[in-house]
Structure formats: structure tokens, C-alpha cells
Amino acid sequence: MPSALVIDGHPDAESLTSSLAQRYATGYGDARLLALRDLEFDPHMRFGYRQRMPLEPDLADAKRAMQEAKTIIIMTPLWWGSVPALLKGFFDRALLPQQEYRYNARGLPEGLLKGRRGRMLLLADTPWYAAPVLGLPAVTHVAKSTMKLCGVRPFTVQRLLGVQGADDAKIARWLDGAERTGASDARRDADRPMPQAIAAEAASSSVVATS
């Protein structure tokens, strides 16, 4: 089974994000590239956490891929301070209480994807000099909230800023860099044991409402 799962969160297959995802996967070698735009699933949580929706086959397969991976890589653009609705909907539907995370007896979150490393490549038109002022909320959303809650750590974030004004030479460097990073991660993961499988509850039709 592939040792890395590369999640392409861009709706457009012709995007730079998608090209970077492909180059990373090429560099890693033993990686599965999961383009969310190709999956058939409802990205809307129709009942919130009050009632659990049945998992579509593509979503169930994606969850298994996350469980089986040593490293989870998320490729995404920065849109309106966050990530595309497609990626956010994937997180909402795929990362479930008692399956990817749970709360212990003291009410503290416990990640059930422990033992997996993570990486995010975040693309933004925001120039580097404006990032400290404007901030990059997607980093907080994905790295410091979603992935941390699920136990994926360490989780490294690489920011590619000023995409709109990037020339061909810079884009080529970014693409080559993604492939080198994939190869480096593969060497790092080569001697790491596969993480333990998640002891998740069986799917149920309802969950306790929390909000």
C-alpha cells in the first residue's frame, strides 16, 4: 500500500496546486494522489453533528487511505483566508468523532491518526511582505486545528506566496522543489513503521449534538 497520501484540494485539474501535487507524488514514488474533485460525495453536513450521514464509497476509501498512510500531504490554495469549499467539505465529512478524533473523559481532544506525519503546501496570491499583516488563517485552520486535533504531527507548512505575479522561472523552481520534497519525505519515511490502525467505532446513524 502507498506510504503517503497526497490530497489535492483544488477544484481545477489545470491549477498550479494540482501540478505541485503531481510533482510531489512523483518525487515520493510510493504515494497515492487523491484529487478531491474526482470523488463523488456530498460536501455538506446536512444534519451537522446531530445525525451521521452514510459514507459514500469514495469517502470511505479516502478515510482508509488516511488510516494506512505514514504521511498525509495537503495541497491547497488560499481562498478568502481559508481553503476551497471542496476541501473544507471533505474535512467535514471525512474526519468524524470516534473515528479520526474523540474526546476523553476529561473532555480533551484525542487524535486517532497518531503516528502519521503531515505537510501542507499553501499557495496564495498574497505577497510575502503582506502575509504578516494579513495573516494566513488557512494555516490555523488546517495545521493548528484540523490536523492537530486528529493527531497528525509533526505537521509542516510550506507557503508559496505571490503566485499571481510569479514568472515561469519561479514556478519551475516551485515544481522542482515539490518533487525534491517528495523524495526527501520518502527517504525519511522508508525506515518508519506503518502507524497502527485506528480503533474506530462502527458507523452509526446518529451522534451526540455538540453545536
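This briefing describes the packing of one helix pair, the nonpolar cores and a few unusual backbone positions. The model is a predicted one. In it, helix α1, which covers residues 16-28, packs with helix α6, which covers residues 168-189. The largest nonpolar core holds 38 residues, and a second, separate core holds 19.

**Helix α1 and its packing with α6**

- Two packed helices are described by the angle between their axes and the distance between the axes.
- For α1 and α6 that angle is about 35°, and the axes lie 7 Å apart, while the crossing in which α1 passes α6 is right-handed.
- On the α1 side, the residues that meet α6 are L16, S19, L20, R23, Y24, T26, G27 and Y28; on the α6 side, their partners include I171, W174, L175, A178 and A186.
- Sorted by class, the residues of this contact comprise 10 nonpolar, five polar and five charged ones.
- The length of α1 agrees with expectation, because 13 residues at 1.5 Å a residue should span 18 Å and the end C-alpha atoms of the helix are indeed 18 Å apart.

**Burial of α1 and the residue after the helix**

- Among the buried residues of α1 are L16, T17, S18, L20 and A21, and further along the helix Y24, A25, G27 and Y28 are buried as well.
- The cover over these buried residues includes the strands β1 (4-8), β2 (31-35), β3 (71-77), β6 (117-124) and β7 (155-161), together with helix α6.
- Directly after α1 comes G29, and the phi of this residue is positive, near 85°.

**The nonpolar cores**

- Within the largest nonpolar core, the residues that touch the most other members are I74, F90 and F155.
- At least two residues of this core come from each of β1, α2 (57-68), β3, α3, β6, α5 and β7.
- When neighbours within four places in sequence are left aside, F90 is in contact with I7, L36, F41, L59, A62, M66 and L95.
- M66 is a residue of helix α2, and it counts as buried because its relative accessibility is 2%, where buried means under 20%.
- Not counting residues up to four places away in sequence, M66 touches L5, I72, F90, A94, L95, L113 and R116.
- Although M66 and V6 are 60 residues apart along the chain, their C-alpha atoms are separated by 9.6 Å.
- The second, separate core includes Y24, M75, L175 and A178; of these, Y24 in α1 and L175 and A178 in α6 also take part in the contact between the two helices.

**Unusual backbone positions**

- Most residues other than glycine have a negative phi, and most peptide bonds are trans.
- W80, which is not a glycine, nevertheless has a positive phi of about 50°; W80 sits in the loop between β3 and α3 (85-94), and it counts as exposed because its relative accessibility is 91%, where exposed means over 50%.
- Q98 is likewise not a glycine and has a positive phi, of about 75°; its place is the loop between α3 and β4 (101-103), and with a relative accessible area of 34% Q98 is partly exposed.
- The peptide bond that joins R153 and P154 is cis, with omega at about 0°, and P154 belongs to the loop between α5 (137-149) and β7.

Technical notes: Residues numbered from 1 in each chain as written. Predicted model: local features only at pLDDT ≥ 70, side-chain atom pairs only at ≥ 80, totals over all residues. Heavy atoms only, no water. Axes fitted to C-alpha atoms, helices over the stretch in contact; angles between N-to-C directions. Helix = DSSP H or I, 4+ residues; strand = E, 2+ residues; numbered from the N terminus. Left-handed = near helix turned anticlockwise from the far one by under 90°. Contact = heavy atoms within 4.5 Å. Nonpolar A, V, L, I, M, F, W, Y, C, P; charged D, E, K, R; others polar. Expected span 1.5 Å × (residues − 1). Buried < 20%, exposed > 50% of the residue type's maximum accessible area, 1.4 Å probe, protein only. Core = buried A, V, L, I, M, F, W, Y, C linked by side-chain atoms within 4.5 Å.
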